[in-house]
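Please work through the exercises below with the sequence and the structure open beside you. Try each task on your own before reading its solution.

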Amino acid sequence: VLAAQINLVESEDMIRGIAVLFVLILIILLAGLYFITRMLSKRLWEPFYFTLGQVESFELDKNTKTQFIPTDVEEFSRLNQSVSKLFEKNSRVYKSQKEFIENASHELQTPLALFRAKLDALAQQLPFTEEIGKTLSVLNDAVTRLTRINKNLLLLSKIENDHYSDTDQFSINGLLEKQVAFLMEQADETDVAVRLIANEPLPVQANAALLEIAISNLLLNALRHNRRGGNITIACEEQTLKIANTSNAAALDTTKLFQRFANTQSTGGNGLGLAIVKKVADMHGWRLEYKFDGEMHIFLIIF
């Protein structure tokens, strides 16, 4: 009986050992299969994820050439060819549009200058009446607006073609003081109070000319869209330039705010001021934000 019990125990131990060994072998096989499948899958899908990365990082305004990983998979090869053709077509269209804007803006400078000169000569020659004066005033406002649009389009084209790639390290406090002094002269006409808060220096790495244009556009935008007796606050705080203004208007549509010619009806703007600010910010890697707080419209440039 004792021998039978010993044999039974040994049999159970052997069965238990075989079961444990079988489970271990199964785990090892499954783990090996998992890692082999993962490696093969990663290698197989590598061209696809590389192409996906190229699509996600593609920017029309950058002259970057796209290259794809050669692959024997027909579907991935066709995808690469289609994406490459799409990139080339969109780049050609974008480049032709930029060239058209630049050429058109350049060629319009002479006719606009001639038109203004003829208007001035006509104003001196004609017998001046109230009706003629109104007509000449409308024509003069129109040619002034066309000249501003032409200059801004030419500026955008130059920015996109890297004509302002040189940058320097400087503090914008001095630049702000000059801009605010000029702004106050215009703000007095509409009783708008201007306040500058720049206790700490705000150092930035930027193209000085473009930064001056961007700040000027934001300040003029704050004045143009303000109300009589309102106020404008300019503040430098924690690597951020804040420009806030009162207004009777409600919160602006952020989906169209920085688009070209998005809003030109109400105040006689040319629809390019904020688009230029956005382009300057993107060029330098800054973040441009808009917020609405009560009656205050707030623009932030985060350096």
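The exercises that follow concern a predicted model, and each task comes with a worked solution.

**Exercise 1. Helix lengths**

Task: Compare the expected span of helix α5 with the distance between its end C-alpha atoms, and then treat α3 in the same way.

Solution: Begin with α5, which covers residues 208–224 and therefore has 17 residues, for which a rise of 1.5 Å a residue gives an expected span of 24 Å. The end C-alpha atoms of α5 are 24 Å apart, in agreement with that expectation. Next take α3, where the 31 residues should span 45 Å, and where the end C-alpha atoms are indeed 45 Å apart. Finally, look just past α3, which is followed by D162, a residue whose phi is positive and near 60°.

**Exercise 2. The start and the buried residues of α5**

Task: Find which side-chain oxygen reaches towards the backbone nitrogen of A209 at the start of α5, and name some buried residues of this helix.

Solution: At the start of the helix, a side-chain oxygen of N207 comes to within 3.2 Å of the backbone nitrogen of A209. Moving along α5, one meets a series of buried residues, among them L210, L211, A214, I215 and L218. The buried residues of α5 also include N217 and N221.

**Exercise 3. Two residues of helix α1**

Task: Decide whether Q54 is buried or exposed, and do likewise for V20.

Solution: Q54 is found in helix α1, which runs over residues 2–57. Its relative accessible area is 17%, and because buried means under 20%, Q54 counts as buried. Leaving out residues up to four places away in sequence, Q54 touches T66, Q67, F68 and F87. V20 is found in α1 as well, but with a relative accessible area of 44% V20 is partly exposed. V20 also belongs to a nonpolar patch on the surface, which it forms with F22, V23, L24, L26, I27, L30 and L33, and which has about 770 Å² of accessible area in total.

**Exercise 4. Salt bridges**

Task: The structure holds five salt bridges; examine the ones formed by K134, D191 and E295, and state where the partners lie.

Solution: K134 pairs with E130, with 3.6 Å between the closest N and O atoms. These two residues both lie in helix α3 (residues 130–160), four residues apart, which is about one turn of the helix, and both K134 and E130 are exposed.

The side chains of D191 and R228 meet at 3.4 Å, N to O. D191 lies in the loop between α4 and β2, and R228 in the loop between α5 and β4, so this salt bridge ties together parts that are 37 residues apart in sequence. R228 is exposed, at 56% relative accessibility.

E295 forms a salt bridge with R227, the closest N and O atoms being 3.1 Å apart. E295 lies in the loop between β6 and β7, and R227 in the loop between α5 and β4, so the pair ties together parts that are 68 residues apart in sequence. Both are partly exposed, E295 at 37% relative accessibility and R227 at 25%.

**Exercise 5. A histidine in a strand**

Task: Describe the surroundings of H297, a residue of strand β7.

Solution: H297 has a relative accessibility of 4% and counts as buried. A polar atom of its side chain lies 3.2 Å from the backbone oxygen of A249. Apart from neighbours within four places in sequence, the contacts of H297 include I243, A244, N245, Y290 and F292.

Methods:
Residues numbered from 1 in each chain as written. Predicted model: local features only at pLDDT ≥ 70, side-chain atom pairs only at ≥ 80, totals over all residues. Heavy atoms only, no water. Expected span 1.5 Å × (residues − 1). Buried < 20%, exposed > 50% of the residue type's maximum accessible area, 1.4 Å probe, protein only. Polar contact = N/O pair within 3.5 Å; in protein donor to acceptor, adjacent residues only side chain to side chain. Contact = heavy atoms within 4.5 Å. Patch = residues over 30% accessible without salt bridge, like charges linked within 9 Å, V, L, I, M, F, W, Y side chains within 5 Å. Areas by Shrake-Rupley, 256 points an atom, 1.4 Å probe, with all protein chains shown as cover. Salt bridge = Lys/Arg side-chain N within 4 Å of Asp/Glu carboxyl O.
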